[in-house]
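Subject: Handing over the structure

Dear colleague,

I am passing on to you the structure we spoke of, and I would be glad if you could look through it alongside the notes in this email. The sequence and the structure come first, and the notes come after them.

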Amino acid sequence: MGTGASRNPDSSSHGGEEREENLDQAGGQLYVSLKMENYKLKGELIPHVYGSVPLVGSWDSSKALSMERESSSMWELSFVVPPNHETLDFKFLLKPKYNNAPCIVEEGPNRLLTGGTLQGDARSALFKLNGDEVLEYQVFIKADRVSPFDLAASWRAYQENLQPSTVRGIPDVSINSVPDTGAENDSSSATLELDLEHYVIPAPETAVNSGLIYAANMTETPRSLTHAGVFSNSEGSGSVLQFYKDGGMLGDRPTAIKEMEVMVPDPSKLYSGSGMVESKSVGTFSPLQKQDGHRGLFVDRGVGSPRLVKSASATTFSIDLKLDSETKNAMPAAAGAVAAAAVADQMLGPKEDRNLAIVLVGLPARGKTFTAAKLTRYLRWLGHDTKHFNVGKYRRLKHGVNQSAEFFSGDNTEGMEARNEVAALAMDDMIAWMQEGGQVGIFDATNSTRNRRNMLMKMAEGKCKIIFLETICNDERIIERNIRLKIQQSPDYAEEPDFEAGYRDFKQRLDNYEKIYEPVEEGSYIKMIDMVKGQGGQIQVNNISGYLPGRIVFFLVNTHLTPRPILLTRHGESRDNVRGRIGGDSGLSDTGEIYAKKLANFVEKRLKNERTASIWTSTLQRTILTASSSAGFPKIQWRALDEINAGVCDGMTYEEIKKNMPEEYESRKKDKLRYRYPRGESYLDVIQRLEPVIIELERQRAPVVVISHQAVLRALYAYFADRPLKEIPHIETPLHTIIEIQMGVTGVQEKRYKLMD
């Protein structure tokens, strides 16, 4: 049911009253947010708000304020209330956005908001339609008191962020929120003659799976469990593998790597001949030869040029041309700030901080596995060697898939021992992988008791740092949806033909867990409370420090499970494309202009019911021109979406680079991922500047169309498809093709449309 706003819980105390009085004296204002949610929308009727000053100044329904669609089911209206009008008398009504009839006012008394507190009981909005039909909306009312200083600071930050840069004279982000409805949008050569499915083309074999994916199946394959030389993938099929004598699987273990001996310098002696060496290459730690009684630390920053190695005596340089991009180590492959922060963490933190274990905690059907899969994908994309270990996968391999709810009962001693055993096996595997060079392990299980978590902490002591990630959901609708998805997708119920029988068994399993569940209160932890919808919720953190844990918290704050499509496409063919020149800022060719019109038709047809969608482009004119034909959607320009900076090679053809700069041409050919154009960028640099874009794409609840460039789209696509960094420069992103990424509770699926040959 609907919920009403209330003041800060501390406001009843002396301190709360004092804060409120100070805000009133400073001219504090109420920031009010009204939201309405309904999954069964009725025709073209749009929620509106009308009432007393200062909403519209009268009870005239023709002057009611239209609420804006936040998602397919949520409508929102926010406004600031001046101090002299803190008593709001209002109601909700339904009517067409641009007409005054029909107009249907909600049932019941007026809603009264006094000083930010809702008077009376919170209730849903009920609308009587024709006959006896009643339409119900859930109502969410929130009021926060904001000082004028905060408001001014927010506006100043907004203005500063949109100021043109001193280099290119354009802002980092600019927004055209008023669509150009007069844009020319028809052409006999640019219409979509047939249904959209006519343009569907097969995605690459290595692309995102187009079917439903059970996230646990994508996790690390257990290396410590064997069964007569055959590993069952818990989907009925098996694959024959060879095993090590210790039980590990040959097909799953990487080539043995000689352990590197790296001495981390004493921070107090970093500037006194510690052997710290700066170079321009891959983004790794490498040991140096012993010189002058010191052991050196090599910091590799992600630039494709020979390693310049400075001796500990700081008097000579030598050149090391051995580039081993596959070497496992604890350093991320990304460059710049990411690598610098990782270096700092390694030098200043204790030994176990070099490896991080994110241990999931939570009842079943709370989104643990999906959250773990998203976090794994994000960290891998940033260049951190990350693996997802799912204990359920271990359990199914060792004990089979036909375990009833009784197996998960707290009173079942044998079942408890069996589950602790497979958890310990998974933890052993994860720690062994970390000792081989892995950086972040995601340990996915319920881990619902303190005893289980204490066992894991003892196993990790001195080997890795543990952060518990607890997922809590109180929304019964989401829990019910997740349970049904579990029955449909989990291998635990693959052999149960009766859905209702599987449903009853899982509910009983859930009851068994709830009886023994103990929330996390120990160690370092992150609690995600009702975050899955992306509409409010809480993140609680305890004893969290360091660069990487901070990035993880930031990512989790912005993630949710709201299904929505993201459309990725390159700009239409440019004049420089025709000439074979890289970079530049040319306009579109005739073919590119046709694609812009076809794309506009496609977007209009594909997103016709998604009026909260937006179009994102780079600041280069070929993407802006490609988007110009698309009317009805706000357009946002990001400098972060600009094409990879080719530096001194900008405007050249590859043949010209090969002829005039043969060394650069060969360096790029050997390692396109890490190669940095002189005075330009590498793919790793592009990934780093795209992180804010990824965070914003995760945060969005509405569809987004991204019109950008080849290198940029390769990097974005690699994130969603969870492709290894080394594959990014070779991902297929052809012109005049739309890649639709569907994000939702079942993971990520892909569909491709080719609008032109």
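What follows is an account of what was found, beginning with the whole chain and then turning to particular places.

Please keep in mind throughout that this is a predicted model, and that every value below was computed from it.

The chain as a whole

The protein chain contains 17 helices and 32 strands, and of its 757 residues 51% count as buried. The area that the protein chain exposes comes to about 35,400 Å², of which carbon and sulfur atoms supply 50%. If one takes the contacts between residues at least 6 apart in sequence, 68% of them join residues at least 24 apart.

The strands around β8

A good place to start reading is β8 (111–114), which has a covered face made up of R111 and L113 and an uncovered face made up of L112 and T114. On one side, β8 is joined by four bridges to strand β6 (residues 87–95), and the two run antiparallel; in this pairing D89 stands opposite L112. Two bridges also join β8 to β9, again in an antiparallel arrangement, and there L113 of β8 has L118 of β9 opposite. The hairpin that β8 and β9 form has two residues between the strands, and G115 in that hairpin takes a positive phi near 60°.

In the loops that flank these strands there is a salt bridge between R123 and E106, whose closest N and O atoms are 3.9 Å apart. R123 sits in the loop between β9 (117–118) and β10 (125–128), while E106 sits in the loop between β7 (104–105) and β8, so that the pair links distant parts of the chain, 17 residues apart. The two partners differ in their exposure, because R123, with a relative accessible area of 23%, is partly exposed, whereas E106, at 3%, counts as buried.

The six-stranded sheet

Further along the chain, six strands form an open sheet of mixed pairing, in the order β22-β23-β21-β24-β25-β26. Its edge strands are β22 (386–390) and β26 (538–542), each of which pairs on one side only, and the twist from one strand to the next averages 15°. Between β22 and strand β23 (residues 440–444) there are five bridges, and these two strands run parallel, with N390 standing opposite D444 in β23. Helix α7 packs on this sheet, where it touches β21 (356–361), β23 and β24 (465–472), and the direction of α7 makes about 155° with that of β24.

The same helix takes part in a salt bridge, in which the side chains of E518 and R450 meet at 2.9 Å, N to O. Because R450 lies in helix α7 (residues 450–460) and E518 in the loop between α9 (499–516) and β25 (525–529), the pair ties together parts that are 68 residues apart in sequence. E518 counts as partly exposed at 24% relative accessibility, and R450, with a relative accessible area of 32%, is partly exposed as well.

Helix α16 and the loop before it

How many salt bridges does the structure hold? There are 26 of them, and one further example joins the side chains of E696 and R699 at 2.6 Å, N to O. Both of these residues lie in helix α16 (residues 683–699), three residues apart, which is about one turn of the helix. E696 is buried, its relative accessible area being 19%, while R699 counts as partly exposed at 40%. Elsewhere, salt bridges that share partners join R395, R396, D492 and R509 into one network.

Is Y675, in the loop between α15 and α16, buried or exposed? At 4% relative accessibility, Y675 counts as buried, because the cut-off for that class is under 20%. The loop in which Y675 lies runs between α15 (662–670) and α16. Y675 and E664 are 11 residues apart in sequence, with their C-alpha atoms 8.8 Å apart in space, and a polar contact of 2.6 Å joins their side chains.

With kind regards

Note on methods: Residues are numbered from 1 along each chain as its sequence is written. This is a predicted model: local features need pLDDT of at least 70, side-chain atom pairs count only at pLDDT 80 or more; totals for chains, interfaces and linings use all residues. Side-chain values use heavy atoms; hydrogens and water are left out. A salt bridge is a side-chain nitrogen of Lys or Arg within 4 Å of a carboxyl oxygen of Asp or Glu. Buried means under 20% relative accessible area, exposed over 50%, partly exposed in between (1.4 Å probe, protein chains only). Two strands pair if DSSP finds at least two bridges between them. Axes are lines fitted to C-alpha atoms, for helices over the stretch in contact, and angles run from 0 to 180 degrees between N-to-C directions. Contact means heavy atoms within 4.5 Å. A polar contact is a pair of N or O atoms within 3.5 Å; within protein, one must be able to donate a hydrogen and the other to accept it, and residues adjacent in sequence count only if both atoms are side-chain atoms. Accessible areas come from the Shrake-Rupley method with a 1.4 Å probe; for residues, only the protein chains shown count as cover.
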